Amino acid sequence: MREYELVIVGGGAAGILCAIDAYQKGIENILIIEKDPVLGGALNLGDYNISKNKAMTGKEYKQILIDKLDKCKIDIQLNTMVLKIEDNNEVLCTSPEYGIEKIKAKYVILANGGKESSRKALTMVGDRCSGILTVGMAKKIFNMDVIPGKNVLIIGDSTLYMIEKDLKNHNIEVVGIISDNAHVNAYGLTDKVYKDYKIEGIYGDGRVSRVKISKGDEEENISCDTLIFANPILSDGVVAMRSNIKLNLHTTGPEVDDKFMTSRENIYACGNGIYPHDFIEDIEKECAELINNL
C-alpha cells in the first residue's frame, strides 16, 4: 500500500492551493487525486470573473496555479475516483491504471468542490425528452463551439452568470427566466421573467418543445427547444457521507470546525466542498488557514 503524509481529494482550485501551500510549508509527500483527466475542476470552464479584487477568469487563474504547481514536487493521480475513506485514513479509490486500491494518508483533505442541482425528476411531470440541461452541461456544449439550442427557457438565475456571454455571443433567444428570487438578475438576456411560477410539465416528441408553468390559477405554455437549469451550486458531500463524516445539512458538504477538521480525526475539508464560495480570494484564505492547522 502506498503511503503519503497528505492526500488531497480533488484537483480543482482548493485542492491545488492546498497542495502548493502544504509543499511550501515543508510537507513533501503529497498526492492529489482527481477524478477527471485534467486538473482544474470548475476553472476549466471559467471564462467569467472569479475575483473580487481584479478581473480574472477561472481559466487564467488555473494557468497561474499550474505554473506554481509545476515548481513543486507533488504526485498527481488523474482519472481516479475516490469511493470513501476507511479506518486509519486509508483512501479507497478506483482507476483504470491501478484498479481498486487503498492509499494510506496521515492527513486527508476533501477538496472535491460542488455540484449542480438540477431537475427534480420525481416531482416534475412530463416527457423525458432531450434538450434539458444544467448550466454546467450547457457550458461544456458551448466550449465545443456548438449551441445547445435556439430558443432557451431558463429556470433559476443562481449560476446564469456562467453562460451569460455565451448566450449573447451566439444570439440565442432567451424566451424567459423562471425564478422565485426577489431580485432576479436577467443580465439583459430577456425582459420575460416569470416570478414565482412553477413548472407543471415538460413536453416534447424527442426534444422539448414546450413547458407548462403556473402561478396560482394562472397557467401558461412557453414554446422552447431547450430548458436550462441555473440552480444554486451544492457542496459535494458524497465521499464524506460514504466515509461516515458528519454532513452540514444546509450545504450538503461535510461539517467542519474552526480548524476545517471534519468529524473524523485528521480529515479536513475546504473550498466549495464545504459551502459555495463567491470569490477565489476567500478560497485562498481558507486553504492557507487549513494548512497552517496541520
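Select V193 to begin: in this predicted model V193 sits in strand 11, which covers residues 193-195. Is V193 buried, partly exposed or exposed? Its relative accessibility is 35%, so V193 counts as partly exposed. Now show what is around V193. Leaving out residues up to four places away in sequence, V193 touches I177, V184 and A186. For a sense of distance, add S51 to your selection: S51 and V193 are 142 residues apart in sequence, and their C-alpha atoms are 28 Å apart in space.

**Next stop: a pair of rings**

Stay in this part of the sequence and select Y194 and Y197. These two form an aromatic pair of the edge-to-face kind, with 85° between the ring planes and 5.6 Å from centre to centre. Turn the view until you can see one ring end-on. Both Y194 and Y197 are buried. A search through the whole structure finds three aromatic pairs.

**Strand 9 and I154**

Now pick I154, which you'll find in strand 9, residues 151-155. Buried or exposed? I154 has 0% relative accessibility, so it counts as buried. Display its contacts, ignoring neighbours within four places in sequence, and you get a list of eight names: L160, L167, V174, G176, I177, I178, I228 and A230. You've already met I177, which V193 touches too. Then look for A269: its C-alpha atom is 32 Å from that of I154, and the two are 115 residues apart along the chain.

**Helix 3**

Select residues 135-143 to highlight helix 3, and colour its buried residues: V135, G136, A138, K139, I141 and F142. What do these buried residues pack against? Their partners are strand 7 (114-116), strand 8 (132-134), helix 4 (164-169) and strand 15 (226-229). Step just past helix 3 to D145, where phi is positive, at about 60°.

**Two asparagines with a positive phi**

Why stop to look at the sign of phi? Most residues other than glycine have a negative phi. Here are two more spots to check.

Go to N79, in the loop between strand 3 (75-77) and strand 4 (81-86). Phi of N79 is near 55°, a positive value in a residue other than glycine. With 38% relative accessibility, N79 counts as partly exposed.

Then move along to N88, in the loop between strand 4 and strand 5 (90-95). N88 isn't a glycine, yet it has a positive phi of about 60°. How accessible is N88? Its relative accessibility is 57%, so N88 counts as exposed.

**A loop residue tucked away**

Select S243, which lies in the loop between helix 5 (238-242) and strand 17 (267-269). S243 counts as buried because its relative accessibility is 2%. Apart from neighbours within four places in sequence, S243 is in contact with K84, I85 and R264. Add L83 as well: L83 and S243 are 160 residues apart along the chain, but their C-alpha atoms are separated by 8.6 Å.

**Last stop: helix 1 and its two partners**

Show helix 1 (residues 13-25) together with helix 2 (residues 58-69): their axes come within 10 Å and cross at roughly 30°. That angle makes helix 1 roughly parallel to helix 2. The crossing of these two helices is left-handed. To see where they meet, select A13, I16, L17 and I20 in helix 1, then Y61, L65, I66, K68 and L69 in helix 2. Among the residues of this contact, eight are nonpolar, none is polar and one is charged. An α-helix has 3.6 residues a turn, so residues three or four places apart point the same way.

Hide helix 2 and bring up helix 6, residues 280-292. Helix 1 and helix 6 pack at about 40°, with axes 9 Å apart. The two are therefore oblique to each other. Which way does this crossing turn, left-handed or right-handed? The crossing of helix 1 and helix 6 is right-handed.

Finally, select the contact itself. From helix 1, take A13, A14, L17, C18, D21, A22 and K25; they meet I280, I283, E284, C287, A288, I291 and N292 in helix 6. The residues here divide into ten nonpolar, one polar and three charged. Look again at A13 and L17 in helix 1: these residues take part in the contact with helix 2 and also in the contact with helix 6.

Conventions: Residues are numbered from 1 along each chain as its sequence is written. This is a predicted model: local features need pLDDT of at least 70, side-chain atom pairs count only at pLDDT 80 or more; totals for chains, interfaces and linings use all residues. Side-chain values use heavy atoms; hydrogens and water are left out. Axes are lines fitted to C-alpha atoms, for helices over the stretch in contact, and angles run from 0 to 180 degrees between N-to-C directions. Helices (H or I, at least four residues) and strands (E, at least two) are DSSP runs, numbered from the N terminus. Angles under 35 degrees count as roughly parallel, over 145 as roughly antiparallel, 65 to 115 as roughly perpendicular and the rest as oblique. A crossing is left-handed if the near helix is turned anticlockwise from the far one by less than a right angle, and right-handed if clockwise. Contact means heavy atoms within 4.5 Å. Ala, Val, Leu, Ile, Met, Phe, Trp, Tyr, Cys and Pro count as nonpolar, Asp, Glu, Lys and Arg as charged, and the others, Gly among them, as polar. Rings of Phe, Tyr and Trp (its six-membered ring) pair if their centres lie within 6.5 Å; planes under 30 degrees apart count as stacked, over 60 as edge-to-face and the rest as tilted. Buried means under 20% relative accessible area, exposed over 50%, partly exposed in between (1.4 Å probe, protein chains only).
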